[in-house]
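Me: Could you take a close look at the salt bridges in this model and walk me through how the paired side chains sit?

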Amino acid sequence: MVVKVYGPHCASTKRVLVCLLEKDVEFEVVPVDLTKGEHKDPEFLKLQPFGVVPVIQDGDYTLYESRAIMRYYADKYRSQGVELLGRTPEERGVVEQWLEVEAHNFHPPAYDLAVHLLFAPLFGMTPDPKVIEESEAKLLKVLDVYEERLSKSKYLGGDFFSLADISHLPFTYFIVNQMNKGYLIKERKHVSGWWDDISSRPSWKKVIQLYPPPV
């Protein structure tokens, strides 16, 4: 059964697509145009009652929230593709820790920057300079912590590429390539090296080539 992935051009969905590629899981994509409000259509809301992407359908099984989907496939297909969770409970604990750091510390300011610097015109919003300034200041503090971590470890979860790294790909790509904020990454030696490493993976290159961002 081929996995259906909804909303491939959206940032959070790209986490799922990279995970599936790394795990050698076959999938097909179902476009969802947020600018036309397709995520609020009644049929879509039956799959995702909050009206956001991504959503996956795996036979009769439906799941939403990108990090939950990644965890599901990384666990379901432990025996194939790249090991993304760690091989011991201790390794998995560290991967899970940095997934939570991404979700609660990195993602909120990165998302706010993306909304106000990239997506505001699409949704008829006026960018707020104060939000931009505050979000960048928060992100600077987070990246300083990352710099320390990555001075001691090749990847965030340890010495192996993991879901913790995948989860950072979409919004770090925005920061480096579309927000004119690449200095936030490049000014930090170890963060910069880490980004060069994870963004050069074939899985990410394929995803960004096939499903470019909508802006």
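Reply: Happy to. A residue counts as buried under 20% relative accessible area, as exposed over 50%, and as partly exposed in between. Glu-148, at 43% relative accessibility, is therefore partly exposed. Please keep in mind that this is a predicted model.

Glu-148 joins its side chain to that of Lys-152 in a salt bridge, with 2.9 Å from N to O. Lys-152 has 65% relative accessibility, so this partner counts as exposed.

A second pair is made by the side chains of Asp-58 and Lys-76, at 3.3 Å from N to O. Asp-58 belongs to strand E3 (residues 55–58) and Lys-76 to helix H3, so this salt bridge ties together parts that are 18 residues apart in sequence. Asp-58 is buried, because its relative accessibility is 11%, while Lys-76, at 41%, is partly exposed.

Next come Arg-78 and Glu-83, whose side chains meet in a salt bridge of 3.2 Å, N to O. Here Arg-78 is partly exposed at 30% relative accessibility, whereas Glu-83 is buried at 12%. Both Arg-78 and Glu-83 also belong to a network of salt bridges, which links them with Arg-71, Asp-75, Arg-92, Glu-96 and Glu-100.

Taking the model as a whole, the count comes to 15 salt bridges, and the three pairs Glu-148 with Lys-152, Asp-58 with Lys-76 and Arg-78 with Glu-83 are among them.

Technical notes:
Residues numbered from 1 in each chain as written. Predicted model: local features only at pLDDT ≥ 70, side-chain atom pairs only at ≥ 80, totals over all residues. Heavy atoms only, no water. Salt bridge = Lys/Arg side-chain N within 4 Å of Asp/Glu carboxyl O. Helix = DSSP H or I, 4+ residues; strand = E, 2+ residues; numbered from the N terminus. Buried < 20%, exposed > 50% of the residue type's maximum accessible area, 1.4 Å probe, protein only.
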